[in-house]
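Welcome! Let us take a walk through this model together, one stop at a time.

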Amino acid sequence: MEQVTLPSVLTLEEVSEYLRLPIETLQRQASQGKLPGRKIENEWRFLKVAIDDWLRSQGSRSTLLQQAGAFADDDSLTELRESIYQDRGRSEVNE
């Protein structure tokens, strides 16, 4: 099998070939923020490393929960939450 070297920044067509998915599916996923990419004017661009990371990820919900767990021992979160509610002029408890 011949190995193909891809550039570090991919077009929509290159991502379609790389993932073996229809362009329309990738456009929809990227527009919904489910596929990491950037739209520059009318053209989509994707970092190959971001696509590879996305493929390896367990899903956005799992990733978010893992990242949130990193703050479990952060004592400043309570103070931060209180200041956010105070700035909004709201109580943390629904009355």
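Thr 11 has a bridge partner in strand S3, and that partner is Arg 45. Keep in mind as you look that this is a predicted model. The pairing belongs to a longer contact between strands: S1 and S3 run in the antiparallel sense and are joined over three bridges. S1 covers residues 9-11, while S3 covers residues 43-47.

Arg 45 is a good place to linger, since S3 has another neighbour. Strand S2, residues 38-40, also pairs with S3 in the antiparallel sense, again over three bridges. Here the residue standing opposite Arg 45 is Arg 38.

Now look at the side chains along S3, which alternate. Which of them are buried? Trp 44 and Phe 46 point to one face and are buried, while Glu 43, Arg 45 and Leu 47 point to the other face and are not. Arg 45 has a relative accessible area of 30%, so it is partly exposed. Glu 43 is partly exposed too, because its relative accessibility is 45%. These two residues form a salt bridge, with their closest N and O atoms 3.8 Å apart. In general, side chains of opposite charge can pair when their charged atoms come close.

Leu 47, at the end of S3, takes us to another feature. Together with Val 9 and Val 49 it makes a nonpolar surface patch of about 260 Å². Val 9 lies in S1, and its relative accessibility of 40% means that it counts as partly exposed.

Next, follow the chain through the turn between S2 and S3. The hairpin of these strands has two residues between them, and Glu 41 takes a positive phi near 55° there. Most residues other than glycine have a negative phi, and Glu 41 is not a glycine. Glu 41 sits in this loop and is exposed, because its relative accessible area is 73%.

A similar case appears elsewhere in the chain. Arg 20 is not a glycine either, yet its phi is positive, about 60°. You will find Arg 20 in the loop between helix H1 and helix H2 (23-31). With a relative accessible area of 72%, Arg 20 is exposed.

Is Ser 16, within H1, buried or exposed? Ser 16 lies in H1, which spans residues 12-19, and it counts as buried because its relative accessibility is 13%. Leaving aside its neighbours within four places in sequence, Ser 16 is in contact with Leu 21, Pro 22, Ile 23 and Leu 26.

The remaining salt bridges are in helix H3. The side chains of Lys 48 and Asp 52 meet at 2.8 Å, N to O. Why can they reach one another? Lys 48 and Asp 52 are four residues apart in H3 (residues 48-56), so about one helical turn separates them. An α-helix has 3.6 residues a turn, so residues three or four places apart point the same way. The two partners differ in cover: Lys 48 is partly exposed at 22% relative accessibility, whereas Asp 52 is buried with a relative accessible area of 14%.

Arg 56 and Asp 53 form a salt bridge as well, at 2.7 Å from N to O. They are three residues apart in H3, which again means a separation of about one helical turn. Arg 56 counts as exposed at 60% relative accessibility, and Asp 53 as partly exposed at 41%. The count for the model comes to three salt bridges.

Further along is helix H5, residues 76-88, which offers a small check on geometry. At 1.5 Å a residue, its 13 residues should span 18 Å, and its end C-alpha atoms are 19 Å apart, which agrees. After H5 comes Gly 89, whose phi is positive, near 70°.

Finally, step back to see the whole chain. It has five helices and three strands, and read along the sequence they follow the pattern β-α-α-β-β-α-α-α. Of the 95 residues, 14% are buried. The accessible surface comes to about 8100 Å², with 48% of it belonging to carbon and sulfur atoms. Among contacts between residues at least 6 apart in sequence, 41% join residues at least 24 apart. The bridge between Thr 11 and Arg 45, where we began, links S1 to S3.

Terms used:
Residues are numbered from 1 along each chain as its sequence is written. This is a predicted model: local features need pLDDT of at least 70, side-chain atom pairs count only at pLDDT 80 or more; totals for chains, interfaces and linings use all residues. Side-chain values use heavy atoms; hydrogens and water are left out. Patches are made of residues with over 30% relative accessible area and no salt bridge: like charges are joined within 9 Å, nonpolar side chains (Val, Leu, Ile, Met, Phe, Trp, Tyr) within 5 Å. Accessible areas come from the Shrake-Rupley method with a 1.4 Å probe; for residues, only the protein chains shown count as cover. A salt bridge is a side-chain nitrogen of Lys or Arg within 4 Å of a carboxyl oxygen of Asp or Glu. Buried means under 20% relative accessible area, exposed over 50%, partly exposed in between (1.4 Å probe, protein chains only). Contact means heavy atoms within 4.5 Å. Two strands pair if DSSP finds at least two bridges between them. The expected span of a helix is 1.5 Å times one less than its number of residues.
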